[in-house]
Amino acid sequence: MNHSQYHEQRLRVAINRRTNAEQGSVNNRIPPEFVSCSEDGMKCTVRYRLKPEMRNPMGWLHGGVTSAMMDMGMGLLVYYNADFHLCPTATMTVNYIRPGRIGGNLIVESEITFRGRKLFHASARGWMEDTPDKLVCTATATYAVTPKADAAHAENKRLREQAAK
């Protein structure tokens with residue numbers, strides 16, 4: 001198995017873990033599909049299918065959904081590179097360039113631009129699959145490395161399940 005195949009296999013696990021961690025969550029409702037990754041695992045491309053319920057009043061992809069897709073694309077890559085520890089978004093800037101078309105696929109290419117002990121910086125570009133030369137949006141974000149977040153997530157899940165009984 002070469003480096004790229006290794007990273008692909010592990011990134012697919014990361015995507016599966018994050019999209020299936022909580023039924024009904026944003027990650028679960030807007031699931032990314034793996035497209036490709038770089039040889040070093042610092043860049044990843046995912047695809048989102050743009051469904052009618054994702055539209056804004058003008059019929060285009062809603063800006064909040066666009067932002068969530070960019071955040072998830074970068075966040076999944078950070079999660080993977082942080083050894084599967086949850087890393088909440090500390091800051092994020094999204095630049096909307098042109099509308100996303102409902103019924104098409106948004107491709108999000110994310111890249112780790114800085115990897116520190118406490119922070120990750122990432123950037124992303126999004127475009128419609130059938131028009132790769134026309135960007136829909138770009139984003140940059142900072143993620144906080146919090147290895148204890150996994151324990152907090154498990155505790156919150158346990159408390160929700162207990163409350164549901």
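Start by selecting Arg49: this residue is partly exposed, with a relative accessible area of 43% (buried means under 20% relative accessible area, exposed over 50%, and partly exposed in between, using a 1.4 Å probe and protein chains only). Before moving on, note that this is a predicted model, where local features need pLDDT of at least 70, side-chain atom pairs count only at pLDDT 80 or more, and totals for chains, interfaces and linings use all residues. Residues are numbered from 1 along each chain as its sequence is written, and side-chain values use heavy atoms, with hydrogens and water left out.

**Stop 1: the charged network**

Keep Arg49 on and add Glu33. Their side chains meet in a salt bridge, 2.8 Å from N to O (a salt bridge is a side-chain nitrogen of Lys or Arg within 4 Å of a carboxyl oxygen of Asp or Glu). This pair links distant parts of the chain, with Glu33 in strand 1 and Arg49 in strand 2, 16 residues apart. Helices (H or I, at least four residues) and strands (E, at least two) are DSSP runs, numbered from the N terminus.

Now add Arg47. Arg47 also forms a salt bridge with Glu33, and the closest N and O atoms are 3.2 Å apart. Arg47 sits in strand 2 and Glu33 in strand 1, so this pair ties together parts that are 14 residues apart in sequence. Check the accessibility too: Arg47 counts as buried at 18%, while Glu33 counts as partly exposed at 26%.

Next, pick Arg125 and Glu109, whose side chains meet in a salt bridge of 3.1 Å, N to O. Arg125 is in strand 5 and Glu109 in strand 4, 16 residues apart. At 37% relative accessibility, Arg125 counts as partly exposed. Back at the earlier group, add Glu129: salt bridges that share partners join Glu33, Arg47, Arg49 and Glu129 into one network. By this rule, the count comes to six salt bridges.

**Stop 2: helix 1**

Select residues 3–20. That's helix 1, with 18 residues, reaching 26 Å from its first C-alpha to its last, close to the 26 Å expected at 1.5 Å a residue (the expected span is 1.5 Å times one less than the number of residues). Color His7, Leu11, Ala14, Ile15, Arg18 and Thr19, which are buried. Look down the helix axis: the buried residues fall within an arc of 115°, so they line one face. The arc is that of the directions from the helix axis to the C-beta atoms.

What covers those residues? The cover includes helix 2 (26–29), strand 1 (33–37), strand 2 (43–49) and helix 3 (63–81).

At the start of the helix, zoom in on Asn2: one of its side-chain oxygens reaches to within 2.7 Å of the backbone nitrogen of Gln5.

**Stop 3: the core**

Show Ile30, Tyr48, Leu50, Met69, Leu106 and Tyr143, the residues with the most contacts inside the largest nonpolar core, which has 40 residues. A nonpolar core is a set of buried Ala, Val, Leu, Ile, Met, Phe, Trp, Tyr and Cys residues joined through side-chain atoms within 4.5 Å. Helix 3 gives the most to this core, with eleven residues.

Center on Ile30. Leaving aside neighbours within four places in sequence, Ile30 is in contact (heavy atoms within 4.5 Å) with Tyr48, Met54, Val65, Ala68, Met69 and Met72.

**Last stop: Asn81**

Stay on helix 3 and select Asn81, which lies in this helix. Asn81 counts as buried at 6% relative accessibility. Beyond its neighbours within four places in sequence, Asn81 is in contact with Gly41, Met42, Ile112, Arg115 and Phe120.

Terms used
A polar contact is a pair of N or O atoms within 3.5 Å; within protein, one must be able to donate a hydrogen and the other to accept it, and residues adjacent in sequence count only if both atoms are side-chain atoms.
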